[in-house]
Every structure is written in C-alpha cells, then in structure tokens.
Amino acid sequence: MTYKKYFKKAPIVSLKGQPVILFDGKHSSLLEALESKKVKVFSECRNGFCGACKTTVISGEVSYLTQPLAELNADECLPCCCVPETDLNLKLSCQGVEIVAKRQYSTNHSPAPALTKLAHEG
Amino acid sequence: MAYSTFCQTPNDSTKEPMFFGQSVNVAHYDQQKYEVFEKLIEKQLSFFWRPEEVDVSRDKIDFGGLPEHEKHIFISNLKYQTLLDSIQGRSPNVAFLPLVSLPELETWIETWSFSETIHSRSYTHIIRNIVNNPSVVFDDIVENDHILKRAGDIARYYDDLIKLTQVHNLHGSGTHEINGEKITVNLRILKKSLYLCMMSVNALEAIRFYVSFACSFAFAERRLMEGNAKIIRLIARDEALHLNSTQHILSLMQGGKDDPEMAEIAIECQQEAYDLFVKAAEQEKEWAKYLFKDGSMIGLNEQILCQYVEFITNQRMKSVHLPQPYEELSNPLPWMKNWLESDAVQVAPQEVEVSSYLVGQIDSSVDGDEFLDFDL
C-alpha cells in the first residue's frame, strides 16, 4: 500500500539564485523553513491575512495550505501559508544565511561551470 | 447621487464601482464583485471575542508594583488606544457607508467598525480593573495635548469627507455658501477626499496601532500586565484584518479597473499620501518621546520604539505602493511576531491553539482522487 504512483523530488528553495533550503517536509510552511535558515523575512499574523511576509517569486510555484486573504500579485507569494511545489527562486537576501557548503568532488571531470560559480559565491 | 437607504432602481451591483455608484439596495451576497470582502467578513466573524472572557485581575497587582514612570507609559498608551478605537468604532460607518455601492463592501465596513467597538469596550474593562476611578483616565483623553494633537490629524480626513458628502448630497456639485463658508464640491473632489481618507485610515491601522501594541507587548514580555496583553493580542489580530482591507481598497482604487478616475486621483495624490504617512510616523516618534520622558523600561526605550516606527512605516508604505521614506533596517522588535501570530491567540479555554474556528463546521470536501486505488 505504500507504493506511490510517482516520485516527487523535494523542492530546492533558492534566494536570488543561491540554493539555501531543501524543502523536505520537515517544516510546515515555507516561512518556517526560511526562518530555520535565518533568512530575514518580516512576518506578523502568519496565517495569510496580514500580508506582512509577502515575497516576490522569481521562478517556481507554490501551493497554499490555506487560501491567502492578503492581496497578491501574480509574482508574489505568502510564505506563511504556502509550501514550494517546484524548485523556487525567491527575491530575498541571503545575507547572514547559513548556506549549505557544496561538496567538492576530486574527480578528473571538472564540475559544471554554474556549480563552481555558486560555490564561490557561498 | 442623493443617498437613499433603499434605492428602488434595479441594478446589477457587480457592475457598480466600490464607491460613488448607485447606493446599495438589496443586501445580497450571492454574486460578488470583490469576493475578498466576503472572506474578510467571514474571518472577522470567526474572530469574535468579548473582553470579559479574558481575566485581567492579576494586572491590578502588577500595575501596583510598577514604578511611576512605567505607570505613566502604560496608562498613556492605553489612553491613546482608547482614542484610536473611539474614532474607528464610528467613523468608517459615518464616512464610508453613504458612499459605498457594493453590498459586500458595505457589510464589511459595518463588520469592521463593529469589531472596533468591542475594542473600545475592552479598554473600559482593562481600565476599570486597574484604577479605582476610570473617568480620571477617560477624561484626560480630551485634555491631553499629546493625544489631541494626533486626534486632530486622524479625524481631519474623516471630517472633511463627511462634510463634503453632506454638502454634495444636499446641494449637488458646485460652489455653495454654507454658514458664511464657501464650499466647492463635485464628484472628483469627493473622490479625492475619499482616497486621502482611506490612506489616513490605513496609516492609522498600520502604524499608529502597532506602536501602541509594541508598548503593551513590551510589558508582557516581562510577564507583567499579561491580561492586558491577551486582550491587545486579540485586538491586534482584528487590526491585521482591517489593515488588509484598507490595503485592498487602496490597491483596487490605484488599479483603476474599479473606477478609472480613482486611478488618476491616486497618481495625483501620491505626494499628499506620502506626506500623510510621514507625518503620522513623525507624530508617533514624538509620542515615543512623551511616553519615555521620565525613563525607559526594560526592553523598550524611545530609540528602539522610534526605530520600530520607521521600520513599520517602510513596510506599510510598500504595501500601499508608496516610496519608502526611511533607511532600510531589520526589525528592531523581533519579539513582536510572537504576539502578533494569530494562531497563538487563545480565544476560548477549550480551544488552545486554533484561533479561527467556525462553530459546527465540518470538512465535507472529498476529492474524486481519494477513491482511485479502491477496488471491490
């Protein structure tokens, strides 16, 4: 009975392109996950009606746990009441955020250029 | 557009703008132009509470033990909150109801204002408990210069709109001489007055209230005056909703889909709206100075409160699409979020965590997918 028809990869949440969180279901909302990594997000009601945590989504999609009451543009989300549906890139600063160090492979193959760039940024 | 309590011209209310259309006749909610107001009404109703549910008896002991300068902070803050809710308990009804043309928005305004009257009743509940003669506290509200100064600015926009509406209703567009005073009124002037009034209400709900909440919660952070903080927490939860509604209304006005002339007015009034917010923020900073004139309290002083005013002003102005006047900084009162989180609010003794429940509500949504792996 545990068989699932499809496998869903845990979404990766990035801040302005820098991967920061693997959203593996340990946090009940995107906001909690962001806070656990010490991302600076302003929040108040944490229930989707004050709109304080409104965040711009650069790419990716979220799904809502409760329908937000706050006004949202097409490119905005309310992290307090949503979870990432796909990999997500948010317009938030990763200043002071704990960034997962990328594992360095010592193989003959040189790593993909994009990866090297990100590792240096971190 | 003479106001009628029941306009007999049949109309489709979904084709009316939010304000200045045909007055609402049948209060029906089956078809809605802006569903968000219906959702706000439902949410507000699910938040219903009464001040008597909160036990504030311990506060009397706490209050007695406070040093004089902290008593001043507490009482002054409470006076200010009383003033704000006295205004909000009536003004949205008096000012906006004659102008509104959507049933769901009309009902939202009434629901909103009603919840403010509960807030006013809570202040009496709190004050009655901590002082022997509550009228000493209440009487000072209309005598205290520091409170009156701000009251004038808050009431001004409402009063202006109410006066213009009355003149327009009686005499129509044009310049009229009333009691020796020349008043020019037309629909555009009225719309402008409404837009600025809505901005002023937003500033009130978004900045002024939150400054007072910070003071109330600062006591409770030290485990003092906790009964009061419980009530203020319920008030703050309601205010977040009211704030959301004025942000929605302002956005709809600015968007221009609702009423294209309103969008023009929004652009025209941007500077005035900006100045109004900055003035409110500066007044709150002056108030902080008055609150802490005899000394600060642990966890809160004039400087931190002023930083909070600046921080919150930036946030709120961003929400109503205005430029931010202050330097970007991080939240100087991070503990505020523990008090503002709505699900942490305890509403009834039997209900510890979930704050917004609907009586008798059952979840009847069953998705067709639930039966996919079901065979006989």
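Colleague: Which classes of residue make up the lining of the largest pocket?

Modeller: The lining has 10 nonpolar, 12 polar and 11 charged residues. Bear in mind that this is a predicted model.

Colleague: How is empty space found at all, and how much space lies in the largest pocket?

Modeller: The general idea comes first. Rolling a probe the size of a water molecule over the atoms shows where empty space is left. Now the case here. The largest pocket holds about 1100 Å³ of space. Its lining counts 33 residues. Closest to the centre are A:Lys40, A:Val41, A:Phe42, B:Gln315 and B:Lys318.

Colleague: Which element gives the most to that lining?

Modeller: α12 of chain B does, with five residues. This helix spans 302–319. β3 (55–59) of chain A also supplies at least two lining residues.

Colleague: On to the backbone. Which phi sign does B:Phe20 have, positive or negative?

Modeller: Positive, at about 70°, although B:Phe20 is not a glycine. B:Phe20 sits in the segment before α1 (35–46) of chain B.

Colleague: Why does B:Phe20 count as buried?

Modeller: Because its relative accessibility is 11%, and the cut-off for buried is under 20%.

Colleague: Where is B:Met225 found, and what is its phi?

Modeller: B:Met225 is in the loop between α8 (187–221) and α9 (226–255) of chain B. Its phi is positive, about 50°, and B:Met225 is not a glycine.

Colleague: Is B:Met225 buried or exposed?

Modeller: Buried. The relative accessible area of B:Met225 is 0%.

Notes
Residues numbered from 1 in each chain as written. Chains lettered and ligands numbered in written order. Predicted model: local features only at pLDDT ≥ 70, side-chain atom pairs only at ≥ 80, totals over all residues. Heavy atoms only, no water. Helix = DSSP H or I, 4+ residues; strand = E, 2+ residues; numbered from the N terminus. Buried < 20%, exposed > 50% of the residue type's maximum accessible area, 1.4 Å probe, protein only. 1 Å grid on protein atoms, 1.4 Å probe; cavity = no way out; pocket = protein on both sides within 12 Å on 5 of 7 lines; lining within 4 Å. Points joined across faces, edges and corners; volume = space filled by probe spheres on them. Nonpolar A, V, L, I, M, F, W, Y, C, P; charged D, E, K, R; others polar.
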